[in-house]
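Biologist: I'm new to this structure and would like a close look at one part of it. Could you pick a pair of packed helices, walk me through how they meet, and then show me what else is around for comparison?

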Amino acid sequence: MCGIFGIENAENASMFAFVGLLTLQHRGEESAGITSNNDGINYITHKSMGLVSQIFKEKILNTLTGKTAIGHVRYSTHSESTLLNAQPFVFNCIHGNIAVAHNGNITNCETIKKELAQSGSIFNHTSDTEIVAHLVAKSRGFSAGELIKKSVSRLEGAYSLIFIVGNKLIGVRDPFGYRPLVLGQKDNSYILASETSAVDAAGGTFIRNVNPGEVIVIENGKIIEDIYPDRKEKEKFCIFEQVYFSRPDSVLCSKSVKNARVQMGRYLAQQMKDIKADIIVPVPDTGIFSAQGFSEESGIKFQTGFIRNHYVGRSFIKPSQKMREITARLKLFPIKDVICGKKIVLIDDSLVRGTTAQKIVKILRDVGAKEIHFALSCPPVISPCFYGIDTPNKDKLISAVKSNDDIKEFLNVDSLTFLNIDNMKKACSNDGNTENFCCACFDGIYPSKITDTNN
């Protein structure tokens, strides 16, 4: 669930990459990097642990010269959270210097890595992205697009990738389209990004989604190749993007994320039509629009019951449970006179491990909440994700190991309601087609083969 951004044929390309990464910061807070290139040969890279605004000061950006740049913000799911694994990766091979940034999770990584090692490959990173570099180095093709197409044909799982190959900017998406990748344009420059909001922030215009399996090659402000895979899979876009990960101002599946979340809240209210409460309180920030929809549908007043410390990052994407717990404690502060003595419907986006939710409920109890009816704008998370979201092993997923009654007791809430899976799909769809989503974390049905897993 990283964020990637690329721009070609733009003066000060690294500055646009910086703006794009700032906009995509919510997709990864562990490390960030930018690689720029002007002559197709010499690449300049700067990357570090931490947030985009902390890493890329003006002095650094001025060194990243060139008209092509790609950037990456990292949230680790496959490997260690270290500078060694910060991206973009730059490598030299028979095809020259190549840079790559990856969003996703390659599910046959260990199998391919073992084969590569047996044939003499040497690995410097623990990230699954490194095997992409080795596959590119071993591939041959008549064009840059064909080279990348052949290189990724062995991969299973989720991958949206952006490359710099010589003077070319190349984007590719896996055949199932699990992770987002969009194409935008700014004047005579093309942009590739994880979300439409990053295109907007860079002053560009969203054109379309990069299609599942598509390889798009851009050079000198023109699309010079547009290649599709030999086999076509049924699209299975990750529905958790709309539930939690993406920005509300981004557009996914031709529908704004904000509108999808409002509709989730409306459906929740319909499921809970007999609940009597004084106020609706969201867990900020991702619960806000679902709470808005719930309030509009139910007629129960929406109230801001928490102040969020925006200098603390997203607890879900912290690399350890300890960090998630510390972040949760520092992030939310109750407004006592809003909460005390009230019957509350508490709206959050999801329930994964349950430990953060338990702490939030305790905060409300401690300041005098009379009743707490906990409502989640997605179904119970019952299976781990292998496509790029850091859900833990099944035995650590609270809904996989406890009944609803047991969870209710664990959280100390008066009632517990999950949005049902059909309503979630309807809320996220723009055209009534609810079959193009991957809901594996909610239904245990994995659309593609999972070769390597310990879960």
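Modeller: Let's go to helix α9, residues 257-271, and helix α10, residues 288-298: their axes come within 6 Å and cross at roughly 45 degrees. Keep in mind that this is a predicted model. An angle counts as roughly parallel under 35 degrees and as roughly perpendicular from 65 to 115, so α9 and α10 are oblique to each other. Their crossing is right-handed.

Now for who touches whom. On the α9 side you'll find Lys258, Arg261, Val262, Met264, Gly265, Arg266, Leu268, Ala269 and Gln270. They meet Phe289, Ser290, Gln292, Gly293, Phe294, Glu296, Glu297 and Ser298 of α10. Sort the residues of this contact by type and you get 6 nonpolar, 6 polar and 5 charged.

For a second pair, try helix α4 (residues 109-118) and helix α5 (residues 129-138). Here the axes lie 10 Å apart, and the packing angle is about 50 degrees. That makes α4 and α5 oblique to each other, too, but their crossing is left-handed. From α4, Cys109, Ile112, Lys113 and Leu116 take part, and they meet Ile131, His134, Leu135 and Lys138 in α5. This contact divides into 5 nonpolar residues, 1 polar and 2 charged.

Helices pack on strands here as well, so let's look at a sheet. It is an open one, built from 6 strands in the order β5-β6-β7-β8-β12-β13, with antiparallel pairing. The edges belong to β5 (89-93) and β13 (222-227); each has a single partner strand, so one side of each is left without a neighbour in the sheet. On average, and ignoring direction, neighbouring strands are turned by 20 degrees against each other. At the β13 edge, the partner is β12, residues 215-219, and the two pair in the antiparallel sense over 5 bridges. Within that pairing, Glu219 stands opposite Lys222 of β13. Helix α6, residues 144-152, packs on this sheet, where it touches β7 (157-165), β8 (168-173), β12 and β13. The direction of α6 makes about 40 degrees with that of β13.

One last stop is a hairpin made by β2 and β3, with 5 residues between the two strands. In the turn sits Gly40, which has a positive phi of about 80 degrees. Strand β2 covers residues 31-37 and β3 covers residues 43-49; they run antiparallel and are joined by 7 bridges. If you want one bridge to find on screen, take Ile34, whose partner in β3 is His46.

Terms used
Residues are numbered from 1 along each chain as its sequence is written. This is a predicted model: local features need pLDDT of at least 70, side-chain atom pairs count only at pLDDT 80 or more; totals for chains, interfaces and linings use all residues. Side-chain values use heavy atoms; hydrogens and water are left out. Two strands pair if DSSP finds at least two bridges between them. Helices (H or I, at least four residues) and strands (E, at least two) are DSSP runs, numbered from the N terminus. Axes are lines fitted to C-alpha atoms, for helices over the stretch in contact, and angles run from 0 to 180 degrees between N-to-C directions. Angles under 35 degrees count as roughly parallel, over 145 as roughly antiparallel, 65 to 115 as roughly perpendicular and the rest as oblique. A crossing is left-handed if the near helix is turned anticlockwise from the far one by less than a right angle, and right-handed if clockwise. Contact means heavy atoms within 4.5 Å. Ala, Val, Leu, Ile, Met, Phe, Trp, Tyr, Cys and Pro count as nonpolar, Asp, Glu, Lys and Arg as charged, and the others, Gly among them, as polar.
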